[in-house]
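Grab the model and work through these exercises at your own pace. Each one sets a task and then walks through a solution.

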Amino acid sequence: MTSAQLPGDPPGGRRAVAVWGLGVAVYFVAITYRTSLGVAGIDAAERFHINASALSTFSILQVLVYAGMQIPVGLMVDRLGTRKVLMLGVVFFTLGQFGFALSHSYAMALVSRALLGCGDAMTFISVLRLGSRWFPARRGPMIAQVAALFGMAGNLVSTLVIARALHSAGWTTTFAGSALGGVAVFVLVLLFLKDHPKGFEPAPASHRGADYVRRQIADAWREPGTRLGMWVHFTTQFPAMVFLLLWGMPFLVEAEGLSRATAGQLLTLVVLSNMAVGLVYGQVIARHHAARAPLALGTVGATALLWGSVLLWPSAHAPMWLLIVLCVVLGACGPASMIGFDFARPANPPGRIGTASGIVNMGGFTASMTTLLAVGVLLDLTGQNFRIAFASVFVLQALGVAQILRLRGRAHRLERERVVASRVEAVHVPA
């Protein structure tokens with residue numbers, strides 16, 4: 001059941017939706033840039049004359065920078081506020097996209113993707129913080145899922161627009177043209193975005209040097225809910241991320257024998273499924289908080305089952321119906337990863353939400369980076385055997401599930417104790 005609005009909660013309303021929508025627009029553009037390489041992997045290999053391992057380095061570096069930036073970005077958001085961090089992020093990812101458009105060497109392209117990853121890292125945590133400042137806490141799960149839903153729509157731009165533009169307009173025109181979206185959202189954020197509603201300013205906090213940084217990180221990590229959230233994010237997000245970010249198109253075209261057009265449609269199906277499942281998961285969790293762990297573990301189990309079925313299919317190519325089901329299930333990975341933030345949010349006070357969210361968000365991208373590298377290396381070692389390369393997915397899933405099961409009981413118990421305590425404090429007892 002949803003909880004009633006607590007004293008001090010922001011009111012929400014149309015202005016909240018408008019301001020929060022600006023943050024979501026930034027996230028939308030960042031996702032478009034992040035996933036644009038996923039439909040350009042084959043073109044990139046030809047443009048820069050590189051093999052599978054070198055191609056995977058693009059995404060590995062981008063994700064490495066993204067993951068490494070999560071805790072610093074969380075600290076920045078807690079200290080500087082959403083608006084400043086989002087503006088800085090837009091500058092970085094727009095310069096990265098422009099640089100990628102103009103790259104003619106592998107080294108320049110790598111630097112551009114690293115810059116893009118740095119800017120991308122500043123978006124989602126900022127959007128989460130923006131939602132917590134403008135909407136009541138009871139709407140947190142739904143707001144987070146809807147933000148992810150609209151952000152993932154940026155993936156549709158990659159699969160439907162950028163993929164086609166690459167073959168009609170060429171590399172430089174396509175990537176440089178897409179970078180204009182970053183310029184547009186920068187202007188909108190500069191003119192209209194506010195960190196919080198008037199009258200709901202956060203309490204002043206001490207932000208003094210290394211002491212503050214160490215305390216924020218240590219206090220957030222000490223909470224079992226933060227660590228549980230990180231492992232949920234780690235275990236659920238990466239199969240779809242690896243598929244969409246780089247290896248889905250080569251797998252479908254080179255291993256499964258599909259045309260680029262058909263493979264693009266399947267990648268689009270992953271995104272559409274993500275958006276649909278996100279709405280369902282958000283509604284379910286908002287009403288039934290106890291459904292968080294079963295939904296996360298169920299998504300992991302379904303993903304493992306479908307991946308295993310495709311990779312172990314006895315004939316050379318899996319049937320189309322099975323690939324469609326796989327893509328639908330992969331679409332649930334993104335919404336399931338958002339559940340990680342719903343474990344960390346109630347475990348930390350408002351002044352530490354950015355730092356805790358950074359720790360959670362680092363989980364899935366660390367798993368993605370590891371798997372991107374493993375798939376590229378195994379492809380080169382096995383002569384492009386995708387079945388062996390993608391089997392690395394199961395190793396990380398097993399590790400993550402073991403950690404979720406280890407932390408779940410303690411995190412749930414502490415969360416229940418905090419809920420009871422907050423309800424007692426909210427009751428006014430006349431003198």
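Helices here are DSSP runs of H or I with at least four residues, strands are E runs of at least two, and both are numbered from the N terminus. The model is predicted, so to speak of local features takes a pLDDT of at least 70 and side-chain atom pairs count only at pLDDT 80 or more, while totals for chains, interfaces and linings use all residues. Residues are numbered from 1 along each chain as its sequence is written, and side-chain values use heavy atoms, with hydrogens and water left out.

**Exercise 1. Place Thr94 and describe its surroundings.**

Step 1: find the element. Thr94 sits in helix H4, residues 82–102.

Step 2: check the burial. Buried means under 20% relative accessible area, exposed over 50%, and partly exposed in between (1.4 Å probe, protein chains only). Thr94 has a relative accessible area of 7%, so it is buried.

Step 3: look for a polar partner. A polar contact is a pair of N or O atoms within 3.5 Å; within protein, one must be able to donate a hydrogen and the other to accept it, and residues adjacent in sequence count only if both atoms are side-chain atoms. The Thr94 side chain reaches the backbone oxygen of Val90 at 2.7 Å.

Step 4: list the neighbours, with contact meaning heavy atoms within 4.5 Å. Leaving out residues up to four places away in sequence, Thr94 touches Tyr33, Ala179, Gly182 and Val183.

**Exercise 2. Describe how domain 1 and domain 2 meet.**

Step 1: get the bounds, which come from an automatic or database domain assignment. That assignment gives domain 1 as 14–193 and domain 2 as 225–430. Their C-alpha centres lie 19 Å apart.

Step 2: count the residues. Domain 1 puts 43 residues into the contact and domain 2 puts in 50.

Step 3: get the area. Buried area is the accessible area (1.4 Å probe) that two parts lose on being put together, summed over both. Between domain 1 and domain 2 it comes to about 4100 Å², with carbon and sulfur atoms giving 71%. On the domain 1 side, Ile42, Gln145 and Leu149 supply 15% of the area buried against domain 2, more than any other three residues.

Step 4: tally the polar links. The rule finds 7 residue pairs in polar contact across the interface, both residues at pLDDT 80 or more.

Step 5: see what domain 1 brings. The elements giving two or more residues to its side are helices H1 (14–35), H2 (41–48), H3 (52–80), H6 (124–134) and H7 (140–168). The residues on this side split into 25 nonpolar, 13 polar and 5 charged. In that split, Ala, Val, Leu, Ile, Met, Phe, Trp, Tyr, Cys and Pro count as nonpolar, Asp, Glu, Lys and Arg as charged, and the others, Gly among them, as polar.

**Exercise 3. Examine salt bridges that join distant parts of the chain.**

Step 1: set the rule. A salt bridge is a side-chain nitrogen of Lys or Arg within 4 Å of a carboxyl oxygen of Asp or Glu. By this rule the count comes to 7, and between domain 1 and domain 2 the count is 1.

Step 2: take Arg260 and Asp43, whose closest N and O atoms are 3.3 Å apart. Arg260 is partly exposed at 31% relative accessible area, whereas Asp43 is buried at 15%.

Step 3: move to Glu223 and Arg352, which meet in a salt bridge at 3.9 Å, N to O. Glu223 is in the loop between helix H9 (209–222) and helix H10 (224–255), and Arg352 is in the loop between H14 and H15, 129 residues apart. Both Glu223 and Arg352 are buried.

Step 4: finish with Glu415 and Arg292, with closest N and O atoms 3.0 Å apart. Glu415 lies in helix H17 (residues 392–426) and Arg292 in helix H12 (residues 292–311), so the pair ties together parts 123 residues apart in sequence. Glu415 and Arg292 are both buried.

**Exercise 4. Examine the backbone at His49 and Gln384.**

Step 1: recall the background. Most residues other than glycine have a negative phi.

Step 2: check His49. Its phi is positive, about 55°, although His49 is not a glycine. His49 is in the loop between H2 and H3 and is exposed at 72%.

Step 3: check Gln384. Not a glycine either, Gln384 has a positive phi of about 65°. Gln384 lies in the loop between helix H15 (353–381) and helix H16 (386–390), and counts as partly exposed at 37% relative accessibility.
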